[in-house]
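Here is a walk through one protein model. Keep the structure open while reading.

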Amino acid sequence: IVQHMVSSKYAFILLREKKNIMRCTLIQNKTMIGLVRFSLPINTLTKTAYLHKIEVAKTHRNHNFGTTLLNNMDHFLLENTSVENISGMLWDDKSNLYLKEFFIKNGYDIKHEDYSTYDTGEQIIDCTPIFKSLNN
């Protein structure tokens, strides 16, 4: 576990869940504000990490906490690994109108040409690959 203060009000905690799975959590007064979960490449020749999940409490959205989480993930990857890229899958159920803009703002390319859909039986989810180079 690695912990450091983002400010006097917030703590950032980095935890290794499994050999190559990491979780970064942002905490305020012992309450989780958000988290980002990502995997490191198993093979050191692979230079791409995978973003599995980013989540920010609804009460704390639109205050740059998601950007802070992604920035801390990027910093960890740049300082501690040979990772050069981050990829992931954007699961868009249309509940967040700013989802794509959030990732674009944070330097991700949205691969619209590789888009697919997933039917849960209750809703249709657009699945779009995302990609970011850390060498900008």
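The paragraphs below go from confidence to strands, rings, charges and backbone angles.

This is a predicted model. The mean pLDDT of the protein is 88. Of its residues, 93% reach 70 or more. Confidence varies by element. Strand 1, residues 2-5, has the lowest mean pLDDT among the elements, at 56. Strand 5, residues 48-56, has the highest, at 96.

Go next to strands 8 and 9. Strand 8 covers residues 116-119, and strand 9 covers residues 124-133. The two run antiparallel, and four bridges join them. One residue pairing can be named: Asp-119 has Ile-124 in strand 9 as its bridge partner. Together the two strands form a hairpin, with four residues between them. In the turn sits Gly-121, with a positive phi of about 95°.

Now the aromatic rings. A pair of rings is described by the distance of the centres and the angle of the planes. How many aromatic pairs does the count give? It comes to five. One of them joins Trp-91 and Tyr-118. Their ring centres are 5.5 Å apart, with 70° between the planes. The pair is edge-to-face, because an angle over 60 degrees falls in that class. This contact links distant parts of the chain. Trp-91 belongs to strand 6, residues 85-92, while Tyr-118 belongs to strand 8. The two are 27 residues apart.

Are these two rings buried, exposed or in between? Trp-91 has 47% relative accessibility, so it counts as partly exposed. Tyr-118 is partly exposed as well, because its relative accessible area is 43%. Phe-102 and Phe-103 form another edge-to-face pair. Here the centres are 5.1 Å apart and the planes meet at 80°. Both Phe-102 and Phe-103 are buried. Ring pairs also bring in Tyr-108, which makes a cluster of Phe-102, Phe-103 and Tyr-108.

Trp-91 and Tyr-118 appear again on the surface. With Tyr-50 and Met-89, they form a nonpolar patch. The patch has about 400 Å² of accessible area in total.

Charges come next. Side chains of opposite charge can pair when their charged atoms come close. A search of the whole structure finds four salt bridges. Among them is the contact of Glu-17 with Arg-23, at 2.8 Å from N to O. Glu-17 has a relative accessible area of 29%, so it is partly exposed. Arg-23 is partly exposed too, at 26%.

Another salt bridge joins Glu-55 and Lys-53, at 3.1 Å from N to O. Glu-55 counts as partly exposed because its relative accessibility is 31%. For Lys-53 the relative accessible area is 40%, so this residue is also partly exposed.

Asp-74 and Lys-132 give a further salt bridge, with 2.5 Å from N to O. This pair links distant parts of the chain. Asp-74 is in helix 1, residues 65-80, and Lys-132 is in strand 9. They are 58 residues apart. Which side of the burial cut-off do the partners fall on? Buried means under 20% relative accessible area. Asp-74 has 9%, so it counts as buried. Lys-132 has 10%, so it counts as buried too. Elsewhere, salt bridges that share partners join Glu-17, Arg-23 and Arg-37 into one network.

Look also at Asp-92, in strand 6. Asp-92 is buried, because its relative accessible area is 8%. Compare its position with that of Lys-58. The two are 34 residues apart in sequence. In space, 16 Å separates them, C-alpha to C-alpha.

Finish with the backbone of one loop, between strand 3 (21-28) and strand 4 (31-39). Asn-29 is found there. Its phi is positive, about 50°, although Asn-29 is not a glycine. Asn-29 counts as exposed because its relative accessibility is 67%. Lys-30 lies in the loop between strand 3 and strand 4 as well. Lys-30 is also a residue other than glycine with a positive phi, near 65°. At 82% relative accessibility, Lys-30 counts as exposed.

Key: Residues are numbered from 1 along each chain as its sequence is written. Side-chain values use heavy atoms; hydrogens and water are left out. pLDDT is the predictor's confidence in each residue, from 0 to 100. Two strands pair if DSSP finds at least two bridges between them. Rings of Phe, Tyr and Trp (its six-membered ring) pair if their centres lie within 6.5 Å; planes under 30 degrees apart count as stacked, over 60 as edge-to-face and the rest as tilted. Buried means under 20% relative accessible area, exposed over 50%, partly exposed in between (1.4 Å probe, protein chains only). Patches are made of residues with over 30% relative accessible area and no salt bridge: like charges are joined within 9 Å, nonpolar side chains (Val, Leu, Ile, Met, Phe, Trp, Tyr) within 5 Å. Accessible areas come from the Shrake-Rupley method with a 1.4 Å probe; for residues, only the protein chains shown count as cover. A salt bridge is a side-chain nitrogen of Lys or Arg within 4 Å of a carboxyl oxygen of Asp or Glu.
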